[in-house]
Amino acid sequence: LFSFFFFFFFSVQRKNAGASGPEKYTEAFIKKQIEEFNLGKRHLANMMGEDPETFTQEDIDRAIAYLFPSGLFDKQARPLMKHPTEVFPEQRKIQWGEDGRPFHFLFYTGKQSYYSLMHVSILSPEAARGPLNLAGSRWLTKIELEEMLVEKMSDDDYSRFIRLLEKLVALPCADLEEKYIQKFSKEVPAQLQKVLIEPLQYDERGVAFSTGEGRRKTASATAVVYDNGTGKITVNGIDILHYFPVLQDREQLLFPFQFLGRIGKHDMVCTVSGGGRSAQAGAIRLASAKALRSFVTEKEVEFMRQAGLLTVDPRVKERKKPGQEGPRRKFTWKKR
Amino acid sequence: MLRSLQGLVCRSLKLDHGCALHTAARGGLSSVSSQDVPAENLRAVFHTSESDPAKHTEQHEGRLYNIPLEEVKAVFPHGLPYRFQQQIQTFNEARVMVRKPALELLAYLKGSNFAHPAVRYVIYGERGTGKTMTLCHVVHYCSRQGWLVLHIPDAHLWVKNCKELLQSSYKKDRLDQPLQASVWLKNFKSSNERFLQEIKTQKKYMWGKQESTEEGRPLGEVVEQGLARVRSASDAVGVVLREIKQQSHRGSFRLLVAVDGVNALWGRTSLRKEDKSPVSPEELTLVHNLRKMVRNDWSGGAIVTTLSQTGSLFKPSSAYTPQELLGKEGFDALDPFVPIPVPNYSPGEFESCYGYYLERKWLQHEKAHTEDGKAELRFLSGSNPRQLDRLAGPL
């Protein structure tokens with residue numbers, strides 16, 4: 001059973017990108033892939049002990065990650081099992097009939113979908129309600145549009161299309177065609193909406209405090225920031241002057257408080273482990289910035305985010321490659 | 001108009017406690033930025049015109065007093081920290097802050113009974129908190145009072161980095177250090193001229209086969225002998241110490257033994273003999289004699305010592321308590337003593353030091369003049385005097 005499933009799994013995977021010329025997937029081929037995918041999905045559900053009828057794509061992803069654990073950094077390099085329409089790029093069906101006559105009237109322009117879009121006909125103008133609200137949305141990018149139309153276009157064509165859309169929006173009866181226009185626009189989610197800010201907690205003395213966690217390289221830190229303080233900071237039970245003798249590390253700790261103008265107002269107790277002195281300082285900085293979010297207005301949180309105080313530093317030690325002495329350093333080149 | 005009001009405010013509040021004055025005057029000063037406030041008003045807040053340490057009380061706590069430069073040269077030929085000497089040269093004045101540990105020590109000294117054996121005081125604290133400066137404050141007080149001051153600037157200099165070690169002619173198993181001894185004798189001579197004429201030797205001393213010092217000669221001659229013949233400098237030091245100790249309880253003068261880095265006397269040395277075996281401190285003449293001085297078997301004075309981790313050998317950098325730095329041997333030798341801890345700057349002292357740097361235009365950065373800059377300095381230095389000094393340097 002396992003080998004059967006394995007065969008399905010490998011056949012669903014994308015063929016290697018080094019193949020010559022663009023891939024031509026026939027409709028029959030795609031249909032077969034879809035059948036195999038569904039069958040493989042049921043097998044996988046069976047293997048995991050779940051109900052095959054209600055096995056969603058998320059369950060599939062989780063199951064594959066469990067069965068084939070991979071430590072690769074690039075998510076796209078890891079084993080994946082998705083519906084064939086997501087894996088194989090869309091291909092244009094044959095656009096002419098058996099007699100060689102094309103279906104679309106604009107076929108001989110070369111870019112039939114593009115020109116058909118450019119010649120949009122608006123329905124009869126009824127009483128308009130008001131102008132369209134396009135705040136928080138953006139037009140499709142050129143690549144997204146190409147994907148939608150399954151047709152290549154030049155930058156010039158794309159800019160003409162965008163101008164057309166803008167003109168459409170500017171017309172008085174734009175809101176009637178809202179649905180049509182929304183096909184070509186995407187929402188821009190505001191960054192902050194995804195992040196929850198925890199409320200302040202209060203300890204026995206009645207002093208407000210809040211916790212935050214941070215990581216940098218291999219160091220992880222937790223910080224508890226108390227209100228009504230004198231600016232005293234303790235790390236692992238030791239005063240920062242003794243734990244961080246180097247000025248640079250103390251400046252890193254100072255940064256979130258200085259940015260918000262709250263240098264002498266909070267006390268902090270942190271624990272940190274792992275990493276080196278700079279990594280620990282960076283981890284505590286992130287943890288304290290996250291903890292300070294609860295004390296501060298939303299606008300200031302947005303300022304902190306833009307200053308980079310709330311971003312996890314993604315830099316980690318790069319792996320050493322074989323045939324080289326380090327991640328980038330090559331062996332000494334000898335002429336002979 | 002504003003200036004005269006400020007002047008009135010400052011003068012009327014002058015007699016209050018230092019801290020309250022700082023916070024009140026800060027409000028007045030920060031409203032008028034940089035140049036406009038006249039120098040006398042600023043001076044009144046952080047400085048005190050009382051330059052006699054005998055008259056320093058809690059009123060003067062946190063304030064800086066001025067030592068005239070001639071007195072500095074006379075009283076401190078050696079003994080001031082190097083960075084402080086550089087600061088004296090830069091600012092052209094010597095300002096020392098009056099702090100609580102020093103006031104405490106001065107109170108003890110004023111109230112001590114000199115018929116009893118000498119009390120030992122050990123000043124200890126973390127690195128860079130001001131122990132040596134406290135010692136110098138006390139030394140200044142004693143020299144103003146007319147005491148004979150025996151100031152050893154750093155005992156660690158005698159147990160490490162010694163280029164020449166001679167075998168002592170006096171005792172076979174001891175080692176002499178001619179260079180260190182002669183340097184110390186020169187400084188001692190320049191600070192205590194008049195005593196060297198008054199004190200007379202009580203015994204005849206032989207320096208080698210031909211030279212000798214008769215009984216009843218002034219001590220200055222012994223010192224000259226030590227300086228002229230460097231080989232016998234360590235023995236000259238030993239003689240000086242012994243004479244002074246014997247004559248101190250007679251009452252003609254008071255003796256202050258001020259040793260900085262006393263933990264060097266009981267630690268290990270980094271010196272080696274010619275056969276590469278390590279030298280222990282007892283084998284050095286200078287250390288041996290100094291240990292005798294620090295014993296409390298004499299009366300008519302006081303012994304004030306400082307512990308120092310900075311120059312110490314083979315001790316962890318986090319050690320600062322007497323037990324850790326002195327070791328068992330040293331602790332037993334110095335026991336009983338009066339410990340005097342020296343903490344970091346209190347908020348008032350920090351304000352006063354910051355104000356002094358501002359007034360002397362040492363802080364040139366424009367952000368350093370603001371309240372935020374001050375808070376930043378306080379955070380980054382952790383109110384540690386040495387850290388603050390190093391931070392303020394590049395600004």
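**Two sheets and one interface in a predicted model**

Let me begin with helix H14 of chain B, residues 347-359, which lies across strands S1, S2 and S3 of that chain and runs at about 165° to S3(B). Everything I describe today comes from a predicted model, and I will take the sheets first, then the contact between the chains, and finally the salt bridges.

The sheet under discussion here is an open one, in which three strands of chain B follow the order S1-S2-S3 with mixed pairing. Its edge strands are S1(B), residues 47-48, and S3(B), residues 94-97, each of which pairs on one side only. As a general reminder, strands of a sheet pair through backbone hydrogen bonds, in either the parallel or the antiparallel sense.

Which sense, then, applies to S1(B) and S2(B)? These two strands pair in the parallel sense, over two bridges, and within S2(B) the residue that partners His47(B) is Leu64(B). On the other side, S2(B), which spans residues 64-67, is joined to S3(B) by four bridges, and here the two strands run antiparallel. One residue to look at along that pairing is Tyr65(B), whose bridge partner in S3(B) is Val96(B).

Now to another sheet of chain B, which is open as well and has five strands in the order S5-S10-S11-S4-S12, with parallel pairing. Strand S5(B), residues 148-152, and strand S12(B), residues 338-341, stand at the edges with a single partner strand each, so one side of each has no neighbour in the sheet. On average, and with direction ignored, neighbouring strands of this sheet are turned by 15° against each other.

Within this sheet, S10(B), residues 255-260, and S11(B), residues 301-306, run parallel and are joined by six bridges; as one position to find on the screen, Val257(B) stands opposite Ile303(B) in S11(B). Helix H7 of chain B, residues 131-145, lies across S4(B), S5(B), S10(B) and S11(B), where S4(B) covers residues 119-124, and the helix runs at about 165° to S10(B).

Let me turn to the contact between the chains. Chain B and chain A bury about 960 Å² between them, and 70% of that area is on carbon and sulfur atoms. Which three residues supply more of the area that chain B buries against chain A than any other three? They are Glu376(B), Phe379(B) and Leu380(B), which together account for 63% of it.

Helix H15(B), residues 371-381, and helix H16(B), residues 385-392, each supply at least two residues of the side of chain B that touches chain A. The largest share of that side, six residues, comes from H15(B). By residue class, the side of chain B that touches chain A divides into four nonpolar, four polar and three charged residues.

As for the counts, the contact takes eleven residues from chain B and twelve residues from chain A. Three residue pairs are in polar contact between the two chains, counting pairs with both residues at pLDDT 80 or more, whereas the rule finds zero salt bridges across this interface.

Over all chains, however, the structure holds 33 salt bridges. In one of them, the side chains of Lys32(A) and Glu36(A) meet at 3.9 Å, N to O. Lys32(A) and Glu36(A) are separated by about one helical turn, because they are four residues apart in helix H2 of chain A, residues 27-48. In general terms, side chains of opposite charge can pair when their charged atoms come close.

Methods:
Residues are numbered from 1 along each chain as its sequence is written. Chains are lettered from A and ligands numbered from 1 in the order in which they are written. Side-chain values use heavy atoms; hydrogens and water are left out. Two strands pair if DSSP finds at least two bridges between them. Contact means heavy atoms within 4.5 Å. Axes are lines fitted to C-alpha atoms, for helices over the stretch in contact, and angles run from 0 to 180 degrees between N-to-C directions. Buried area is the accessible area (1.4 Å probe) that two parts lose on being put together, summed over both. A salt bridge is a side-chain nitrogen of Lys or Arg within 4 Å of a carboxyl oxygen of Asp or Glu. A polar contact is a pair of N or O atoms within 3.5 Å; within protein, one must be able to donate a hydrogen and the other to accept it, and residues adjacent in sequence count only if both atoms are side-chain atoms. Ala, Val, Leu, Ile, Met, Phe, Trp, Tyr, Cys and Pro count as nonpolar, Asp, Glu, Lys and Arg as charged, and the others, Gly among them, as polar.
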